[in-house]
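Colleague: Could you walk me through one part of this model up close? I'd like to look at the sheet and whatever sits around it, taken slowly, please.

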Amino acid sequence: MAASAISVLFAASIGHSFANNDLPDLGTAAVNTFSLEKETVYGDAYMRVIRSSAPVLSDPVLSQYLSELGNKLVANATGVKTPFYFFLLRNDEINAFAFFGGHVGVHTGLFLNADNESELASVLAHEITHVTQRHLARSLEAQEKSSTATIVGMLGAILLTIAAPQAGMAALATTQALSTQAKINYTRSNEQEADRIGMQTLVDAGFDPNAAATFFGQLAIRYRFTTTPPQMLLTHPLPESRITEARNRAAQYAKRYVPNSLNFQLAKARIQVRFSSLSDDAALSLFEQQLKKNEYTFKEAALYGKALALFRLQKFDQAEVIIDDLLKQDDNNLFYIDTKTDLLDQKKDYTNAIALLEAQRKIKPTSQVINTNLANIYVQADQPQQAIPLLEELIFFDKQNMLPYQIMADAYRKLDNKALEYYSNAEFMALSANYKGAIDQLNYAYRYSDGKTLQLARIEARIRQFRQADREMEALK
């Protein structure tokens with residue numbers, strides 16, 4: 001029962017991200033035609049709820065890698081009408097999903113089970129196609145026409161399940177919403193369309209067309225006799241005919257050589273050490289065995305994984321020797337730079353950390369990894385004023401990222417600017433749909449604003465917006 005209901009969200013799709021601080025007006029979104037604008041409204045609301053109830057990763061290195069890979073595919077997709085937003089969930093389950101507003105979520109387990117970047121890209125291309133073809137909106141409208149349920153009722157059922165999966169399912173089981181929700185899913189033709197167009201996107205982006213059949217074929221074999229297949233196989237069934245179709249479709253494209261991606265292997269190693277179920281000792285053993293037996297795609301990735309494991313075990317000197325050697329080979333690699341910064345931060349060597357990152361910022365002025373690390377180091381080094389413009393820039397480019405608001409609050413705390421510290425906390429809380437907590441923080445900000453007219457007006461306006469958003473969210477549930 002739970003699996004079928006949860007699969008409603010985790011098989012969904014569509015595309016956009018907010019370009020300003022406006023909050024969704026959910027009450028005006030439920031009309032017969034489910035427009036792109038309304039998908040954006042619901043996508044923003046859903047993403048806020050997911051942040052409050054699921055282990056969304058705030059790892060700048062992995063986030064930048066995933067976003068760059070996803071946007072490379074989007075740039076080669078057809079029918080793209082709005083921006084996309086890619087994010088990671090810490091979950092060893094093999095799954096990826098998309099929903100309203102162009103949000104595409106990827107479980108860390110997908111990295112752990114993919115052998116190469118093309119396999120990961122094949123899954124993303126499939127989800128992107130569900131978005132561009134508006135499969136979820138079409139499914140919702142079809143369901144509304146064939147039942148007494150309304151779109152807002154169906155969306156509320158989905159939102160309740162996201163917000164509290166266990167309690168939500170218990171509540172839904174006593175209502176007609178459960179049976180309604182279970183029917184909101186992709187048709188076979190939707191899946192075929194996503195497979196076909198997704199593969200074209202994959203090829204146009206320069207990846208291996210055989211990757212989809214290879215990856216899903218491996219999954220089908222691995223879980224053929226299990227009673228609890230991974231979530232991906234529940235939301236994306238893999239009958240033999242579908243795998244055969246993927247192989248036949250791939251055979252229509254010219255053979256091409258697609259080199260292995262070092263960054264994919266570095267991302268996989270990072271997840272294995274920091275965000276998987278492996279213990280620190282087991283992670284170290286894994287990479288030491290790879291290096292001993294020469295069982296790796298890239299030696300650099302095995303060394304990187306070993307360095308991360310050593311760091312986790314607080315063997316900082318050993319980790320730094322490895323990272324320094326890797327930086328000698330590739331001094332612009334963001335994975336290595338991020339870990340070197342962590343090592344310098346651990347030693348409180350802020351001078352060298354700032355020098356490293358400022359030099360990199362000249363080369364990569366908009367890098368999420370560089371700017372986030374640099375802002376954090378400035379705060380740690382008791383130079384919070386230097387961090388604030390960096391954080392404002394990060395927020396300007398990505399208003400859905402919670403981490404800059406968190407660092408911003410720390411910066412203003414060190415500056416003893418309580419009003420803006422509380423204001424930053426409010427924005428942080430609102431991103432996870434904690435509007436009541438955000439309003440409390442804004443009330444504190446108001447109290448410490450010392451009669452500054454413009455600041456007071458800004459806070460008052462934000463309180464009104466959060467109150468309205470809270471009412472709309474409760475109504476949707």
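Modeller: Sure! One term before we start: two strands count as paired if DSSP finds at least two bridges between them. Keep in mind, too, that this is a predicted model.

With that in hand, look at β2 and β3, which form a hairpin with three residues between them. In the turn you'll find Gly101, with a positive phi of about 80°. The two strands pair in the antiparallel sense, over four bridges. You can pick out partners by eye: Phe99 stands opposite His103 in β3, and Ala96 has Val106 of β3 as its bridge partner.

Now bring in the third strand. The sheet is open, its three strands come in the order β1-β3-β2, and the pairing is mixed. The edge strands are β1 (85-89) and β2 (96-99), each pairing on one side only. Neighbouring strands in this sheet are turned by 20° against each other on average, ignoring direction.

What joins β1 to β3 (residues 103-107)? Five bridges do, and these two strands run parallel. Gly105 in β3 is the bridge partner of Phe87, while Leu88 stands opposite Val106. So Val106 is a handy residue to click on: from β1 it faces Leu88, and from β2 it is partnered by Ala96.

Next, which residues point which way? In a regular strand the side chains alternate between the two faces of the sheet. Try that on β3: His103, Gly105 and His107 are on one side, Val104 and Val106 are on the other, and all are buried. Because five of the five residues of β3 are buried, the strand is largely enclosed by the rest of the structure. β2 tells a similar story on both its faces, with Ala96 and Ala98 on one side, Phe97 and Phe99 on the other, and all of them buried.

And what does the covering? Helix α2 (residues 36-53) packs on the sheet, where it touches β1, β2 and β3. Its direction makes about 135° with that of β2. Helix α3 lies across β1 and β3, running at about 140° to β1.

Let's stay with α3 for a moment. It covers residues 60-74, and we can check its length: 15 residues at 1.5 Å each should span 21 Å, and the end C-alpha atoms are 20 Å apart, which agrees. At the N-terminal end, Asp59 acts as a cap, with a side-chain oxygen 3.1 Å from the backbone nitrogen of Val61.

How many of the 15 residues of α3 are buried? The count is 11, so the helix is mostly covered. Among the buried ones are Pro60, Val61, Leu62 and Ser63 at the start of the list, then Leu66, Leu69, Gly70 and Leu73 further along. There's a handy rule for reading a helix like this: an α-helix has 3.6 residues a turn, so residues three or four places apart point the same way. Keep that rule in mind as you follow Leu66, Leu69 and Leu73, which are buried.

If you want to compare Gly101 with other positive phi values, hop further along the chain. Ala433 has a positive phi of about 65° although it isn't a glycine, and it lies in the loop between α23 (418-430) and α24 (435-447). Asp450 isn't a glycine either, and its positive phi is about 55°; its place is in the loop between α24 and α25 (453-476). Ala433 counts as buried because its relative accessibility is 19%, whereas Asp450 is exposed, with a relative accessible area of 68%.

How values were computed:
Residues numbered from 1 in each chain as written. Predicted model: local features only at pLDDT ≥ 70, side-chain atom pairs only at ≥ 80, totals over all residues. Heavy atoms only, no water. Expected span 1.5 Å × (residues − 1). Buried < 20%, exposed > 50% of the residue type's maximum accessible area, 1.4 Å probe, protein only. Polar contact = N/O pair within 3.5 Å; in protein donor to acceptor, adjacent residues only side chain to side chain. Axes fitted to C-alpha atoms, helices over the stretch in contact; angles between N-to-C directions. Contact = heavy atoms within 4.5 Å.
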